[in-house]
Amino acid sequence: MSIQLRETILECLAEAQSDLNEKKQKSLQTLATITKVSPQNRNLLAQTNGAIPALLQLSKSSFPNIHILALSILFNLSLNPNIKRSLADMDIIFYLNSVILSPSSTEISKLAASLLCSLAMLDKNKAKFGVAGTIQVLVKAISRPKNPAAHHLLSTLAELVLFHGNCTVAVQSGAVPVLVQVVESTEGEDLAGTSLTILGLLARFDEGLTALRKTDEIVRKMLEVLKGRSMLSKEGAAEILLRLFDDSEGYLRDALMLPEFSSVLADISVRGSGKAREKAGLLMKKLMEASFNSTTDGVSGFLQW
């Protein structure tokens, strides 16, 4: 069976490089089918001499069908953990960066972002993307209004910022204001939720927290999220508020000045997901302590007077 499959792969690769578009498309469809479901088939294709460079070249075709099929096969190959590292070649990364920034079709943009995300799932690849400029490319593409591939791009950025070095690059590339803008837009709850997750990851480090502190009315903006967004968004907003409250008492005072804040937290602590309830409980505890300290300080000042 493996001999017959190897012969099929070699035949398809040869036909994919012919001058006839119909032949190219048919052979690539066959390769896409055999690599879609079988890890063994992916390994066999990846180990075939010249296969990956040939697919990369075909993915640059000016014919959308050929372009999409070649990218689809590369994405299928990337599903195998043992192939991710060899696919994360600088030439491939630079090429995917250029696809994301170019005015491609929605399907091509989504495929390129999905391939980047798949390759970024291997921890040993993460730093390479930071060096290759992928973070800057993602931030720029996400900042474009109504980008049809926004969800895929955000998922890729979320994967990459799990590595601290990429967090620094993301903050320096202006990711925080771009992500806050996505949260405030009405383009979709899933986009807001993923953006808040990324902001929470960036806020783990000083550079990310510093950028969040520069955001006007950040506490009020997070309250708006807590009031009516998806549970993923609420979890993300609560995480950001916890980091801000731990960073400075000023944010706690800002929260105490917002009349709805306590009641919104109380509602989440009863009706939220397990993670949201836990975070809401921690926020309420911090608010109560800040309120008590404020009252105590006031009484102490009065007695001294």
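Which helices cover the buried residues of helix 13? I started there, bearing in mind that this is a predicted model.

**Entry 1: helix 13**

I looked around the buried residues of helix 13 and found a cover that includes helix 10 (134–142), helix 11, helix 12 (164–172), helix 14 (189–202), helix 15 (206–213) and helix 16. Then I went through helix 13 itself, which spans residues 175–184. The buried residues there are Ala175, Val176, Val178, Leu179, Val180, Val182 and Val183. That is 7 of the 10 residues, so I put helix 13 down as largely enclosed by the rest of the structure.

**Entry 2: helix 8 against helix 11**

Helix 11 was on the cover list, so I checked how helix 8 packs on it. I have helix 8 at residues 106–120 and helix 11 at residues 150–160, with axes that come within 9 Å and cross at roughly 15°. Angles under 35 degrees count as roughly parallel, so helix 8 is roughly parallel to helix 11. The crossing is left-handed.

Next I wrote down who touches whom. Helix 8 brings Lys110, Ala113, Ser114, Leu116, Cys117 and Ala120, while helix 11 brings His152, Leu153, Ser155, Thr156, Glu159 and Leu160. Sorted by class, I get 6 nonpolar, 4 polar and 2 charged residues in this contact.

**Entry 3: salt bridges**

How many salt bridges does a search of the whole structure find? I got 11, and I followed up some of them.

Glu260 and Lys227 pair up through their side chains, at 3.3 Å from N to O. This one links distant parts of the chain: Glu260 is in the loop between helix 18 (249–256) and helix 19 (261–271), Lys227 is in helix 16 (residues 218–228), and they are 33 residues apart. I checked both ends for exposure. Glu260 has a relative accessible area of 40%, so I count it as partly exposed. Lys227 is partly exposed too, at 36%.

Glu239 and Arg243 form another salt bridge, with 3.1 Å between the closest N and O atoms. Both are in helix 17 (residues 231–247), and because they are 4 residues apart, about one helical turn separates them. I noted the reason such spacing suits a pair: an α-helix has 3.6 residues a turn, so residues three or four places apart point the same way. Is Glu239 buried or exposed? At 19% relative accessibility, Glu239 counts as buried; the cut-off for that is under 20%. Arg243 comes out partly exposed, at 28%.

Arg271 and Asp267 form a salt bridge as well, and here the closest N and O atoms are 2.8 Å apart. Again I found a spacing of 4 residues, this time in helix 19, so about one helical turn lies between them. Arg271 is exposed at 61% relative accessibility, and Asp267 is partly exposed at 30%.

I also picked up a network: Asp123, Lys126 and Glu159 are joined by salt bridges that share partners. Glu159 is already in my notes as one of the helix 11 residues in contact with helix 8.

**Entry 4: Lys279**

Where does Lys279 sit? I found it in helix 20 (residues 274–304). Its relative accessible area is 14%, so I have Lys279 down as buried. Which residues is Lys279 in contact with, leaving aside its neighbours within four places in sequence? My list reads Glu235, Ala238, Glu239 and Leu242. Glu239 turns up here again, after its salt bridge with Arg243.

Definitions and conventions: Residues numbered from 1 in each chain as written. Predicted model: local features only at pLDDT ≥ 70, side-chain atom pairs only at ≥ 80, totals over all residues. Heavy atoms only, no water. Salt bridge = Lys/Arg side-chain N within 4 Å of Asp/Glu carboxyl O. Helix = DSSP H or I, 4+ residues; strand = E, 2+ residues; numbered from the N terminus. Buried < 20%, exposed > 50% of the residue type's maximum accessible area, 1.4 Å probe, protein only. Axes fitted to C-alpha atoms, helices over the stretch in contact; angles between N-to-C directions. Parallel < 35°, antiparallel > 145°, perpendicular 65-115°, else oblique. Left-handed = near helix turned anticlockwise from the far one by under 90°. Contact = heavy atoms within 4.5 Å. Nonpolar A, V, L, I, M, F, W, Y, C, P; charged D, E, K, R; others polar.
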